[in-house]
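User: Here's a chain I'd like to go through with you. I'll keep asking what justifies each label, so please show me the cut-offs.

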Amino acid sequence: MNISADQPIFVISVAAELADMHPQTLRQYDRLGIVSPSRAPGKSRRYSQRDVNMLREVQRLSQEGVSLEGIKRILQLENQVAALQRKVTELTEEVARRRDPLDSRIFAAGAAGDVVSLARGQRPRARSQAVVVWRPRALGK
């Protein structure tokens, strides 16, 4: 049986024990918006493994002297970075899907300055023509 890290399965007492905290601390973090668990019918809190990991991170930061407001901001920024990384991955995959590996344009220029577009594999008619291969620059370079 595979359980997702986002599956809200732990009641507050179990989550508190797993995070080595008092249940009241978890309630306070929920009120402050630091770690907000899912709610089961009847309004009881349900924590996921990801929530428990986040509680452990909150505890570590708190022990290092970071204020609760600072911790909240750090977690917000980490979530924002993770979302942006997912977006970059998604866009990179989209660019790779759309990019034709042979996506380039080939031109021949004659001695008189005339420019002719050539199909892939086509040779220029006269030897006096210069061949130019144009490839768009890759994104981010």
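**Labels and their cut-offs**

Analyst: Let's start with Leu 61, which sits in helix 3. This is a predicted model, so local features need pLDDT of at least 70 and side-chain atom pairs count only at pLDDT 80 or more, while totals for chains, interfaces and linings use all residues. Numbering starts from 1 along each chain as its sequence is written, and side-chain values use heavy atoms, with hydrogens and water left out.

User: What makes Leu 61 buried?

Analyst: Its relative accessible area is 6%. Buried means under 20%, exposed means over 50%, and partly exposed is in between, using a 1.4 Å probe and protein chains only. So 6% puts Leu 61 in the buried class.

User: Which residues does Leu 61 touch, leaving out those up to four places away in sequence?

Analyst: Leu 61 touches Val 66, Ile 71 and Ile 74, where contact means heavy atoms within 4.5 Å. Leu 61 and Ile 71 are 10 residues apart along the chain, and their C-alpha atoms are separated by 6.8 Å.

User: Why is helix 3 called oblique to helix 4?

Analyst: Helix 3 (residues 49–63) and helix 4 (residues 68–98) pack at about 135°, with axes 10 Å apart. That angle is what makes helix 3 oblique to helix 4. The cut-offs are under 35 degrees for roughly parallel, over 145 for roughly antiparallel and 65 to 115 for roughly perpendicular, with the rest oblique. An angle of about 135° is in none of the three named ranges, so oblique is what remains. The axes are lines fitted to C-alpha atoms, for helices over the stretch in contact, and angles run from 0 to 180 degrees between N-to-C directions.

User: Which residues meet where helix 3 packs on helix 4?

Analyst: From helix 3 come Met 54, Glu 57, Val 58, Leu 61 and Ser 62, and they meet Ile 71, Ile 74, Leu 75 and Glu 78 of helix 4. By class that is six nonpolar, one polar and two charged residues. Here Ala, Val, Leu, Ile, Met, Phe, Trp, Tyr, Cys and Pro count as nonpolar, Asp, Glu, Lys and Arg as charged, and the others, Gly among them, as polar.

User: Why do helix 1 and helix 3 get the oblique label?

Analyst: Their axes come within 9 Å and cross at roughly 50°. Roughly 50° is in none of the named ranges, so helix 1 and helix 3 are oblique to each other. The contact is made by Ala 15, Leu 18 and Ala 19 of helix 1 with Val 52, Leu 55, Arg 56 and Gln 59 of helix 3. Those residues divide into five nonpolar, one polar and one charged.

User: And what makes helix 1 roughly perpendicular to helix 2?

Analyst: The axes of helix 1 and helix 2 come within 8 Å and cross at roughly 100°. That value falls inside the perpendicular range, so helix 1 is roughly perpendicular to helix 2. In the contact, Ile 12, Ala 15 and Ala 16 of helix 1 meet Pro 23, Leu 26 and Arg 27 of helix 2. By class there are five nonpolar, no polar and one charged residues.

User: How do you know that Asp 30 is buried?

Analyst: Asp 30 belongs to helix 2, and its relative accessible area is 12%. That is under the cut-off for buried, so the label holds. Leaving out residues up to four places away in sequence, Asp 30 touches Val 35, Ser 36, Pro 37, Arg 39 and Arg 45.

User: Why does Asp 20 count as exposed?

Analyst: Asp 20 has 61% relative accessibility, which is over the limit for exposed. Its place is the loop between helix 1 (12–19) and helix 2 (23–32). Asp 20 also has a positive phi of about 60°, although it is not a glycine.

User: What makes Lys 43 exposed?

Analyst: Its relative accessible area is 66%, so Lys 43 clears the exposed limit. Lys 43 lies in the loop between strand 1 (38–39) and strand 2 (45–46). Its phi is positive too, at about 70°, and Lys 43 is not a glycine.

User: How many helices and strands are there in the chain?

Analyst: The chain has four helices and five strands, running α-α-β-β-α-α-β-β-β from the N terminus on. Helices (H or I, at least four residues) and strands (E, at least two) are DSSP runs, numbered from the N terminus. Of the 141 residues in the chain, 21% are buried.
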